[in-house]
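Grab a pencil and have a go at these exercises before you read each solution. Keep the structure open while you work.

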Amino acid sequence: MSKIAYIRVSTLEQNTARQREAFKDLKIDKYFEEKVSGKNIKDRPELNKMMDYVREGDTVIVESISRFGRSLPDLIELMNKLDEKGVHFKSLKEGDIDTTTATGKLVFNIFASLAQFERETIKERQAEGIAIAKAEGRYKGRIKKPIDQNVFISLYNRWQDGEIQKKFICKKLNVSMATLDRRIAEYRKNSK
(Lines give C-alpha, C1' and ligand atoms only; values in the text may rest on other atoms or scores of the structure.)
Protein backbone atom coordinates (compact mmCIF):
# COMPACT_ATOMS: atom_id res chain seq x y z
CA MET A 1 0.00 0.00 0.00
CA SER A 2 2.12 2.80 -1.37
CA LYS A 3 1.51 6.52 -1.70
CA ILE A 4 2.24 7.53 -5.26
CA ALA A 5 2.58 11.20 -6.24
CA TYR A 6 1.94 12.33 -9.79
CA ILE A 7 3.31 15.77 -10.67
CA ARG A 8 2.84 17.49 -14.02
CA VAL A 9 3.54 20.92 -15.46
CA SER A 10 2.69 21.84 -19.04
CA THR A 11 6.04 23.08 -20.40
CA LEU A 12 9.76 22.56 -19.92
CA GLU A 13 10.03 26.14 -18.70
CA GLN A 14 7.63 25.58 -15.79
CA ASN A 15 8.82 24.41 -12.40
CA THR A 16 7.47 21.46 -10.38
CA ALA A 17 8.69 22.85 -7.02
CA ARG A 18 5.29 24.20 -5.97
CA GLN A 19 3.67 20.81 -6.45
CA ARG A 20 6.56 18.97 -4.76
CA GLU A 21 6.19 21.31 -1.78
CA ALA A 22 2.52 20.30 -1.43
CA PHE A 23 3.60 16.66 -0.97
CA LYS A 24 6.44 17.22 1.50
CA ASP A 25 4.58 16.04 4.64
CA LEU A 26 2.77 13.09 3.04
CA LYS A 27 5.54 10.44 3.15
CA ILE A 28 5.33 9.70 -0.56
CA ASP A 29 6.79 6.32 -1.57
CA LYS A 30 7.27 7.07 -5.27
CA TYR A 31 7.09 10.14 -7.50
CA PHE A 32 6.16 10.28 -11.18
CA GLU A 33 6.96 13.71 -12.59
CA GLU A 34 6.78 15.16 -16.07
CA LYS A 35 6.84 18.39 -18.02
CA VAL A 36 4.34 17.85 -20.79
CA SER A 37 0.98 19.16 -21.95
CA GLY A 38 -2.01 17.47 -20.38
CA LYS A 39 -4.02 17.52 -23.61
CA ASN A 40 -3.51 13.86 -24.51
CA ILE A 41 -3.05 11.17 -21.87
CA LYS A 42 -1.43 8.87 -24.45
CA ASP A 43 1.48 11.35 -24.84
CA ARG A 44 2.33 11.43 -21.14
CA PRO A 45 5.00 8.77 -20.51
CA GLU A 46 5.28 9.25 -16.74
CA LEU A 47 1.50 9.06 -16.31
CA ASN A 48 1.45 5.83 -18.28
CA LYS A 49 4.36 4.41 -16.26
CA MET A 50 2.51 5.32 -13.07
CA MET A 51 -0.70 3.69 -14.27
CA ASP A 52 1.28 0.48 -14.97
CA TYR A 53 3.12 0.71 -11.64
CA VAL A 54 0.20 1.13 -9.20
CA ARG A 55 -1.25 -1.91 -7.43
CA GLU A 56 -4.35 -2.67 -5.41
CA GLY A 57 -4.43 -0.68 -2.18
CA ASP A 58 -2.08 2.06 -3.46
CA THR A 59 -3.14 5.70 -3.36
CA VAL A 60 -2.41 8.07 -6.24
CA ILE A 61 -2.08 11.64 -4.99
CA VAL A 62 -2.12 14.74 -7.19
CA GLU A 63 -1.86 18.43 -6.34
CA SER A 64 -5.07 19.13 -8.27
CA ILE A 65 -7.36 17.25 -10.63
CA SER A 66 -6.26 19.50 -13.51
CA ARG A 67 -2.70 18.14 -13.15
CA PHE A 68 -4.05 14.59 -13.60
CA GLY A 69 -6.27 15.19 -16.62
CA ARG A 70 -7.47 18.16 -18.66
CA SER A 71 -10.76 16.83 -19.99
CA LEU A 72 -13.67 15.03 -18.42
CA PRO A 73 -13.38 11.97 -20.74
CA ASP A 74 -9.66 11.61 -19.92
CA LEU A 75 -10.27 11.95 -16.19
CA ILE A 76 -13.06 9.39 -16.29
CA GLU A 77 -10.88 6.97 -18.28
CA LEU A 78 -8.01 7.34 -15.79
CA MET A 79 -10.32 6.95 -12.80
CA ASN A 80 -11.91 3.84 -14.28
CA LYS A 81 -8.45 2.30 -14.74
CA LEU A 82 -7.51 3.12 -11.14
CA ASP A 83 -10.85 1.77 -9.92
CA GLU A 84 -10.37 -1.50 -11.84
CA LYS A 85 -7.00 -1.95 -10.13
CA GLY A 86 -8.38 -1.13 -6.68
CA VAL A 87 -6.25 2.02 -6.45
CA HIS A 88 -7.44 5.00 -4.40
CA PHE A 89 -7.21 8.58 -5.62
CA LYS A 90 -6.63 11.79 -3.70
CA SER A 91 -6.44 15.39 -4.88
CA LEU A 92 -4.95 17.86 -2.41
CA LYS A 93 -6.59 20.96 -3.90
CA GLU A 94 -10.08 19.50 -4.10
CA GLY A 95 -9.88 17.85 -0.68
CA ASP A 96 -10.12 14.21 0.19
CA ILE A 97 -12.02 12.41 -2.52
CA ASP A 98 -12.55 8.72 -1.75
CA THR A 99 -13.26 7.13 -5.10
CA THR A 100 -14.03 3.77 -3.51
CA THR A 101 -17.51 5.02 -2.54
CA ALA A 102 -20.47 6.11 -4.68
CA THR A 103 -20.43 9.54 -3.04
CA GLY A 104 -16.69 9.89 -3.66
CA LYS A 105 -17.16 9.03 -7.33
CA LEU A 106 -19.94 11.62 -7.60
CA VAL A 107 -17.76 14.28 -5.95
CA PHE A 108 -14.87 13.39 -8.27
CA ASN A 109 -17.08 13.74 -11.35
CA ILE A 110 -18.38 17.10 -10.15
CA PHE A 111 -14.84 18.41 -9.61
CA ALA A 112 -13.68 16.93 -12.92
CA SER A 113 -16.53 18.70 -14.70
CA LEU A 114 -15.66 21.96 -12.95
CA ALA A 115 -11.98 21.58 -13.93
CA GLN A 116 -12.94 21.10 -17.58
CA PHE A 117 -15.37 24.04 -17.40
CA GLU A 118 -12.65 26.24 -15.89
CA ARG A 119 -10.18 25.28 -18.65
CA GLU A 120 -12.70 25.98 -21.40
CA THR A 121 -13.67 29.31 -19.82
CA ILE A 122 -10.01 30.37 -19.64
CA LYS A 123 -9.52 29.44 -23.31
CA GLU A 124 -12.62 31.44 -24.31
CA ARG A 125 -11.47 34.52 -22.38
CA GLN A 126 -8.00 34.21 -23.87
CA ALA A 127 -9.43 33.97 -27.41
CA GLU A 128 -11.67 36.99 -26.75
CA GLY A 129 -8.71 39.00 -25.45
CA ILE A 130 -6.59 38.07 -28.47
CA ALA A 131 -9.42 39.00 -30.86
CA ILE A 132 -9.79 42.43 -29.19
CA ALA A 133 -6.03 43.02 -29.23
CA LYS A 134 -5.86 42.03 -32.94
CA ALA A 135 -8.73 44.37 -33.78
CA GLU A 136 -6.91 47.20 -32.00
CA GLY A 137 -3.61 46.32 -33.72
CA ARG A 138 -1.89 45.47 -30.41
CA TYR A 139 -1.50 41.71 -30.83
CA LYS A 140 1.85 40.54 -32.09
CA GLY A 141 1.57 36.87 -31.11
CA ARG A 142 3.80 35.03 -28.71
CA ILE A 143 7.37 36.26 -28.48
CA LYS A 144 9.75 33.68 -29.86
CA LYS A 145 12.25 32.27 -27.44
CA PRO A 146 15.71 33.34 -28.64
CA ILE A 147 17.80 30.47 -29.96
CA ASP A 148 21.37 30.69 -31.22
CA GLN A 149 20.85 29.95 -34.93
CA ASN A 150 24.34 28.49 -35.42
CA VAL A 151 23.84 26.05 -32.55
CA PHE A 152 20.38 25.16 -33.85
CA ILE A 153 21.68 24.46 -37.37
CA SER A 154 24.52 22.34 -36.03
CA LEU A 155 22.15 20.28 -33.86
CA TYR A 156 19.59 20.08 -36.67
CA ASN A 157 22.21 18.66 -39.05
CA ARG A 158 23.35 16.10 -36.48
CA TRP A 159 19.71 15.07 -35.98
CA GLN A 160 19.21 14.77 -39.74
CA ASP A 161 22.29 12.52 -39.89
CA GLY A 162 20.81 10.29 -37.18
CA GLU A 163 23.48 11.13 -34.60
CA ILE A 164 21.13 12.59 -32.00
CA GLN A 165 17.45 12.62 -31.11
CA LYS A 166 15.13 15.62 -30.95
CA LYS A 167 14.89 15.17 -27.18
CA PHE A 168 18.62 15.93 -26.96
CA ILE A 169 18.15 19.11 -29.03
CA CYS A 170 15.33 20.26 -26.74
CA LYS A 171 17.54 19.81 -23.72
CA LYS A 172 20.49 21.62 -25.32
CA LEU A 173 18.36 24.55 -26.48
CA ASN A 174 16.12 24.51 -23.39
CA VAL A 175 12.92 24.44 -25.46
CA SER A 176 9.83 22.26 -25.58
CA MET A 177 9.30 19.66 -28.30
CA ALA A 178 6.52 21.82 -29.78
CA THR A 179 8.86 24.83 -30.00
CA LEU A 180 11.55 22.70 -31.62
CA ASP A 181 9.08 21.30 -34.15
CA ARG A 182 7.97 24.83 -35.09
CA ARG A 183 11.61 25.96 -35.49
CA ILE A 184 12.41 22.93 -37.65
CA ALA A 185 9.39 23.65 -39.87
CA GLU A 186 10.42 27.33 -40.18
CA TYR A 187 14.02 26.40 -40.95
CA ARG A 188 12.98 23.92 -43.65
CA LYS A 189 10.56 26.44 -45.18
CA ASN A 190 13.21 29.19 -45.27
CA SER A 191 15.91 26.82 -46.56
CA LYS A 192 14.00 25.97 -49.74
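Below are three exercises, each with a worked solution. You're looking at a predicted model, where local features need pLDDT of at least 70, side-chain atom pairs count only at pLDDT 80 or more, and totals for chains, interfaces and linings use all residues. Residues are numbered from 1 along each chain as its sequence is written, and side-chain values use heavy atoms, with hydrogens and water left out.

**Exercise 1. Work out the strand order of the sheet and find its edges.**

Step 1: Take stock. The protein has 8 helices and 4 strands; these are DSSP runs numbered from the N terminus, with helices being H or I of at least four residues and strands E of at least two.

Step 2: Line up the strands. Two strands pair if DSSP finds at least two bridges between them. The result is an open sheet in the order β2-β1-β3-β4, with parallel pairing.

Step 3: Spot the edges. β2 (30-35) and β4 (88-91) each have a single partner strand, so one side of each has no neighbour in the sheet.

Step 4: Check one pair. β3 (residues 59-62) joins β4 over 4 bridges in the parallel sense, and Thr59 sits opposite His88 in β4.

**Exercise 2. Describe how α6 packs against α8.**

Step 1: Get the geometry. Axes are lines fitted to C-alpha atoms, for helices over the stretch in contact, and angles run from 0 to 180 degrees between N-to-C directions. For α6 (residues 149-160) and α8, the angle is about 90° and the axes are 12 Å apart.

Step 2: Name the arrangement. That angle makes α6 roughly perpendicular to α8 (the label covers 65 to 115 degrees).

Step 3: List who meets whom. Contact means heavy atoms within 4.5 Å. Among the α6 residues that meet α8 are Phe152, Ile153 and Trp159; the α8 side includes Leu180, Ile184 and Tyr187.

**Exercise 3. Describe the lining of the largest pocket.**

Step 1: Know the term. On a 1 Å grid over the protein atoms alone, using a 1.4 Å probe, a pocket is an open set of points with protein on both sides within 12 Å along at least five of seven lines; lining residues have an atom within 4 Å of a point.

Step 2: Count the lining. There are 46 lining residues, and Ser10, Thr11, Val36, Ser37 and Ser176 lie nearest the centre.

Step 3: Trace the elements. β2, α2, α5 (102-135), α7 (166-173) and α8 (177-191) each give two or more residues. The largest share, 10 residues, comes from α5.

Definitions and conventions
Parallel < 35°, antiparallel > 145°, perpendicular 65-115°, else oblique.
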